[in-house]
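Reader: Hi! I'm new to reading structures. Could you walk me through this one?
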Amino acid sequence: MSAEDAVVQREVEKLIARYESGEAKPAEEGVKDLAIELSKQYPGDVGIFCVFLLNVVKLHAGQAVFLKANEPHAYIYGDINGMHGNFRPTSFEPWGPADSQIMPPVKYRSTKATAIYDPPIEEFSVLLKAGGDNETHESVKGPSILIVTGGSGRLVWTEKDGSQQEESLDKPGIVHFAGAGVALSLVAGEGGMTVYRAITEVP
């Protein structure tokens, strides 16, 4: 990582030339295409060699990966919802300090309509409500944030004073903040609705 730029560029070019000529070794087949793609995006970048050092993870819709604070990682391509300040590229950009922003777990159970992503930390968990079924989330002892990523529907809740409130979730991108101690009902529209909810529980 600290080699001179000229040396790095020369070695990258040698590596990519070998791959493009079909001379990849069997152990390199799993990362060959990725190295070639990264070389097109970031010619001569030392980070291209990270394909040999880091795990390459391919995520599909509904899948997630948990990374502890300060674990080196790099986003390569695709559409990721919720990229934020805790995203820390390992390379492909000038080296500098990474800001760490941890969203302030809750003990929750998956249901037919809602799945839970519960990382092995105490800061937060994420609920995913998808499809056409309606769902009621019980109240939690902390605030939460909801974001609609697909479809449409309605959000219904009862305030502590007994008054019933409702908000239209009519398009992707809508964000709603829910206070502590409030149960929420998610009513899906005709085409279903996909909502992610980050929750935390205050002791």
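Author: Happy to! One term before we begin: two strands pair if DSSP finds at least two bridges between them. Helices (H or I, at least four residues) and strands (E, at least two) are themselves DSSP runs, numbered from the N terminus.

Reader: And where do the values come from?
Author: This is a predicted model, where local features need pLDDT of at least 70, side-chain atom pairs count only at pLDDT 80 or more, and totals for chains, interfaces and linings use all residues. Residues are numbered from 1 along each chain as its sequence is written, and side-chain values use heavy atoms, with hydrogens and water left out.

Reader: Cool. In what sense do β3 and β7 pair, and over how many bridges?
Author: They pair in the antiparallel sense, over three bridges. β3 covers residues 135-137, and its E135 stands opposite L186 in β7.

Reader: Which strand do 12 bridges join to β7?
Author: That's β4, residues 144-158, and it runs antiparallel to β7. Here I147 has Y196 of β7 as its bridge partner.

Reader: What about β2, how many bridges join it to β7?
Author: Five, again antiparallel, with β7 spanning residues 184-199. One partnership is K129 with V195 in β7. β2 (residues 125-129) is also joined to β1 by four bridges, antiparallel too, and A115 stands opposite L128 there.

Reader: Switching to helices! How many residues does α1 have?
Author: It has 16, residues 5-20. From first C-alpha to last, α1 reaches 22 Å, close to the 22 Å expected at 1.5 Å a residue; the expected span is 1.5 Å times one less than the number of residues.

Reader: Which residues of α1 are buried?
Author: V8, V12, L15, I16 and Y19. Buried means under 20% relative accessible area, exposed over 50%, and partly exposed in between (1.4 Å probe, protein chains only).

Reader: Why are those on the same side of α1?
Author: Because they cover an arc of only 95 degrees around the axis, taken from the directions from the helix axis to the C-beta atoms. On the other side, A6 and K14 are exposed.

Reader: What do the buried ones pack against?
Author: They pack against α2 (29-41), where contact means heavy atoms within 4.5 Å.

Reader: Last one: is T200 buried or exposed?
Author: Buried, with a relative accessible area of 7%. T200 is found in the segment after β7. T200 and E122 are 78 residues apart in sequence, yet 8.3 Å apart in space, C-alpha to C-alpha.
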